[in-house]
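Me: I'd like to go through this one and pin down the reasoning behind each label. Can you take me through it?

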Amino acid sequence: MIPVGRFAPSPTGRMHLGNLMSALMSWLSVRSRGGRWILRIEDLDPQRSRLEYARQIEDDLRWLGLEWDEGGLEDLGAHGPYRQSVRGESYHAALERLASERLIYPCRCRRADIMATQAPHQSDGRIVYAGTCRPDGMPGSGAPVADLTQAVAMRLFVPDEEILFTDRVFGERTVNLASHCGDFVVRRADGAWAYQLAVVVDDGMMGVTEVVRGCDLLLSSAQQIYLYRLLGYPIPEFAHVPLLCNSDGQRLSKRDASMSAGELRSRYTPEQLTARLARLAGIIPDGIDACSPSELIPVFDWTNIPVSESIILAEKW
């Protein structure tokens, strides 16, 4: 089977160094095994997503030397469209399948209501949904079929069982969805599609075999694995890379102008920036100051990636 990877940025601003790191690791992973790379635009947020940002993402990737085989704004390939904002029919079909199996239900709880009645998870502030709106008889034939025309959120029933998966960087992980998050939203009350459903449908329909992204999404892999199974899609392999943080230990965001792709392009050549990213990832040793992504393909190895949730950048990076 030919490996198929994907980079799926949100066009809500200019990419930063951490986004470029994830893109490079994803590209190298599939290229090192002769695979294909998809560029998918995850523009589910209509308020913040902009077409000009998507165009800039493409320009920044090309500048760095990361060409894709499928996807992008031109919808290259046979699995388009590659913008989530125009893939609603596919998500609705998946929702109908879950409804037919009596696995989803309408939820009228507001986030403020949930937070007011439940204590946050001590370690990371997560709120675990307690099933307040869950009908009797779930899951299965005893539950009512959800009316998808209602203008309310739709939640997916999750079982009280362990989901085990192996990450290429962090190794074996076990997550119990009932205690980790509880029943989770697959369609919001305003009709917007939840990330967890959209990303699974897209990966399944596009034949994605591996998912490379930041380790802030490591535990959400369990929710997606659960959905892959329910919808009958093969489960891809996962690899979560460390998050890049500034000298204060705060993870980079699109608000960090000094680490935006635009600022980085003004300070470095593509080869210089690629080498800096490769040194951070442990792919090449110190002393190599310039290289192209293609030159890294023969030396790429997942065992060299730091097993760490974050990498702190030097004050003067």
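Reply: Sure, here come the labels, one at a time, with the values behind them.

Before we start: this is a predicted model, where local features need pLDDT of at least 70, side-chain atom pairs count only at pLDDT 80 or more, and totals for chains, interfaces and linings use all residues. Residues are numbered from 1 along each chain as its sequence is written, and side-chain values use heavy atoms, with hydrogens and water left out.

Me: What makes the protein chain as compact as a globular protein of its length?

Reply: The globule rule is 2.2 Å times the number of residues to the power 0.38, and the radius of gyration is taken over C-alpha atoms. For 317 residues the rule gives 20 Å, and the radius of gyration of the protein chain is 20 Å, so the label fits. The secondary structure comes to ten helices and twelve strands, counted as DSSP runs (helices H or I, at least four residues; strands E, at least two) and numbered from the N terminus.

Me: How much of the protein chain is called buried?

Reply: Buried residues make up 51% of the 317. The word means under 20% relative accessible area, with exposed over 50% and partly exposed in between (1.4 Å probe, protein chains only).

Me: Why are β4 and β8 said to stand at the edges?

Reply: The open sheet has three strands in the order β4-β5-β8, with antiparallel pairing. β4 (104-107) and β8 (184-187) each have a single partner strand, so one side of each lacks a neighbour in the sheet.

Me: How do you know that β4 pairs with β5?

Reply: Two strands pair if DSSP finds at least two bridges between them. Four bridges join β4 to β5 (residues 153-156), and the two run antiparallel. Isoleucine 104 stands opposite leucine 156 in β5.

Me: What lies across β4, β5 and β8?

Reply: That's helix α3 (residues 88-100), running at about 105° to β4. Axes are lines fitted to C-alpha atoms, for helices over the stretch in contact (heavy atoms within 4.5 Å). Angles run from 0 to 180 degrees between N-to-C directions.

Me: What makes the link from arginine 31 to glutamate 67 a polar contact?

Reply: The cut-off is a pair of N or O atoms within 3.5 Å; within protein, one must be able to donate a hydrogen and the other to accept it, and residues adjacent in sequence count only if both atoms are side-chain atoms. The side chain of arginine 31 reaches the backbone oxygen of glutamate 67 at 3.0 Å. Arginine 31 is found in helix α1 (residues 17-31).
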